[in-house]
Amino acid sequence: MTGTRHHARASTAISRTGGRFSKGLAAFRKDHVMHDSQPRPLSAAKSPALSGRARVPGDKSISHRSLMFGGLAAGETRITGLLEGEDVLRTGAAMRAMGAAIEQRGDEWIVNGTGNGALIEPTEPLDFGNAGTGARLTMGLVGSYDMTTRFIGDASLSKRPMARVLDPLRLMGMQVLEAEAGDRLPITLRGPKHAAPISYRVPMPSAQVKSAVLLASLNTPGVTTVIEPVATRDHTEKMLIGFGAALEVETDADGVRHIRIEGQPKLTGQTIAVPGDPSSAAFPLVAGLIVPGSDIVIENILMNPTRTGLIDTLLEMGGDIEFLDRRNAGGEDVADLRVRGSELKGVTVPAERAPSMIDEYPVLAVAASFAEGDTLMQGLEELRVKESDRLSAVANGLKANGVDCVEGEATLKVTGRPGGKGLGGGTVETHLDHRIAMSFLVMGLAAEKPVTVDDQAMIATSFPDFTGLMQRLGARFQ
Ligand code: S3P
């Protein structure tokens, strides 16, 4: 089958999109066509010392929000460094379906928003593919609009709990017209004529839930308050202030954050340079530490403290990570990371650190597999509701590759084997989870025997050039 035929089919399926934008979507639809028909396994083998410089794609959380807030704001938003991964392109397609104009010009994405309060009802279901962030934040965004919106997604997203965002939105007046058991996709929402502001204490540490309520407040009169007992990534707060919202955060004596936002703000287009994603940098970072003799530099990584828990943990494990050229770019700290092969030792990772490294536990478990002694990770309950049940996917993948580990309800203990002696030789079930696939491919680069993942297709959701980038550093895939 030729690429042209794929492109023609995809363009028809998304006829509301055009130009360069639809090419990106066509490319990932092509992956999906292949994925649907046949999984594409990939193996990683013991590699020589990694070397060179790498630039990982733009931060996924900031990329989603750039398209959403740009699509909503009045005037033009210009974005550089956008992650052109499947998940983010889906968010772009959804914003287009609700009236935003989005196009790619050279290295820049140009968004012309509808103006806050002026989204239009989409005529077709919004398909978020694998993306929890896109789906949950958009539910918040449309939840306060007097319109009907249907949400669909892939098999992984359709298993994930949506009640966590639907519950506060119901309190604001939104109706759920259709949902699968347990508030799962496909879901159809109907916003109220006039949404009511709420004060909402987020019951689990989740930036997506916090953000859904804050986004619903944008089309709600009065002051909405979100109370966040455990701090999670703060991109929504920071970026909404940047776009012109009146939002204040107060942290009380117990460390509880009170976020207050004035409804119906005027939002104005911004210029955004998206920094490199620390959650994607995690893969070359751990590879650089566990492949002996490696010396690599990963450039332009977001250093927001709500995102750097993995780096803190790897430093405690004895990882040789140097911060070069720490600087501020567009309101966020960024740095280049120099990483050298290191002899790691096991540590206990406290539960409080989980929100700042929530997406990095699979690859931390891989680092722990090469460390001296035990690594105990605590407070992992949220891992059970990610793109897969990541706690059991990781434990099963480790066991399949000779790693001793104990999976608890919300804990994981990994006993390392320095030098990777006896590790590898297994096949890992990825369960449509990009981070499971990338983590175990990293394991294969330092294990005695190759490590195989059953399907590489989902890597395109967050890190389309993962294999190319790793190969340029010296990684061996087969
Ligand atoms: C994200 C929040 C986190 C994280 C996800 C991105 C975001 O999810 O796992 O990859 O951009 O807000 P939760 O809110 O479910 O913790």
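A residue is called buried when its relative accessible area is under 20%, exposed when that area is over 50%, and partly exposed in between. The exercises below apply this to a predicted model.

**Exercise 1. Determine whether Asp183 is buried or exposed, and describe its surroundings.**

Solution.
- Step 1, location: Asp183 belongs to the loop that connects β8 (175-180) with β9.
- Step 2, classification: the relative accessible area of Asp183 is 15%. The limit for a buried residue is under 20%, so Asp183 is buried.
- Step 3, contacts: when residues up to four places away in sequence are not counted, Asp183 touches Arg160, Pro161, Met162, Ala163, Leu166, Asp167 and Arg170.
- Step 4, the strand that follows the loop: β9 covers residues 184-190 and contains Pro186. The peptide bond between Leu185 and Pro186 is cis, with omega of about -5 degrees.

**Exercise 2. State what the secondary structure of the chain comes to, and explain why the chain is described as being as compact as a globular protein of its length.**

Solution.
- Step 1, elements: the chain has 14 helices and 24 strands.
- Step 2, comparison: the radius of gyration is 22 Å, and the globule rule gives 23 Å for 478 residues; the two values are close, so the chain is as compact as a globular protein of that length.
- Step 3, extent: along the principal axes, the C-alpha atoms fill a box of roughly 65 × 60 × 45 Å.
- Step 4, burial: 59% of the 478 residues count as buried.
- Step 5, surface: about 17200 Å² is exposed, and 49% of this is supplied by carbon and sulfur atoms.
- Step 6, contacts along the sequence: taking contacts between residues at least 6 apart in sequence, 75% join residues at least 24 apart.
- Step 7, charges: the chain carries 51 positive and 57 negative charges, and their mean positions lie 4 Å apart.

**Exercise 3. Identify the domains of the chain and describe how they are placed relative to each other.**

Solution.
- Step 1, bounds: the domain assignment gives domain 1 as 41-59 + 275-477 and domain 2 as 60-273.
- Step 2, separation: the centres of the two domains, taken over C-alpha atoms, are 29 Å apart.
- Step 3, contact: 26 residues of domain 1 are in contact with 27 residues of domain 2.

**Exercise 4. Explain why helix α12 is described as largely enclosed, and name the elements that its buried residues pack against.**

Solution.
- Step 1, count: helix α12 spans residues 390-400, and eight of its eleven residues are buried, so the helix is largely enclosed by the rest of the structure.
- Step 2, residues: the buried members of α12 are Arg390, Leu391, Ser392, Ala393, Val394, Ala395, Gly397 and Leu398.
- Step 3, partners: these buried residues pack against α11 (361-369), β20 (404-407), β21 (412-415), β22 (427-428) and α13 (434-444).

**Exercise 5. Compare the settings of Asn300 and Leu432, for each of which phi is near 60 degrees.**

Solution.
- Step 1, backbone: phi of Asn300 is positive in a residue other than glycine, and this also holds for Leu432.
- Step 2, location: Asn300 lies in strand β15 (residues 295-302), whereas Leu432 is in the loop between β22 and α13.
- Step 3, accessibility: Asn300 has a relative accessible area of 16% and is therefore buried. Leu432, at 23%, counts as partly exposed.

**Exercise 6. Describe the surroundings of Gly269 and of helix α8.**

Solution.
- Step 1, location: Gly269 is in the loop between β13 (257-262) and β14 (271-273).
- Step 2, classification: with 17% relative accessibility, Gly269 counts as buried.
- Step 3, contacts: apart from neighbours within four places in sequence, Gly269 is in contact with Ala73, Ala74, Glu76, Thr77 and Phe243.
- Step 4, distance: Leu67 is 202 residues from Gly269 in sequence, yet their C-alpha atoms are 11 Å apart.
- Step 5, the helix: Phe243 is one of the buried residues of α8 (residues 235-243), together with His235, Thr236, Glu237, Met239 and Leu240.
- Step 6, the helix end: just after α8, Gly244 has a positive phi of about 115 degrees.

Notes
Residues numbered from 1 in each chain as written. Predicted model: local features only at pLDDT ≥ 70, side-chain atom pairs only at ≥ 80, totals over all residues. Heavy atoms only, no water. Helix = DSSP H or I, 4+ residues; strand = E, 2+ residues; numbered from the N terminus. Rg over C-alpha atoms; globule rule 2.2 N^0.38 Å. Buried < 20%, exposed > 50% of the residue type's maximum accessible area, 1.4 Å probe, protein only. Contact = heavy atoms within 4.5 Å. Areas by Shrake-Rupley, 256 points an atom, 1.4 Å probe, with all protein chains shown as cover. Lys, Arg positive; Asp, Glu negative; His and termini not counted. Charge placed at Lys NZ, Arg CZ, Asp CG, Glu CD. Domains from an automatic or database assignment.
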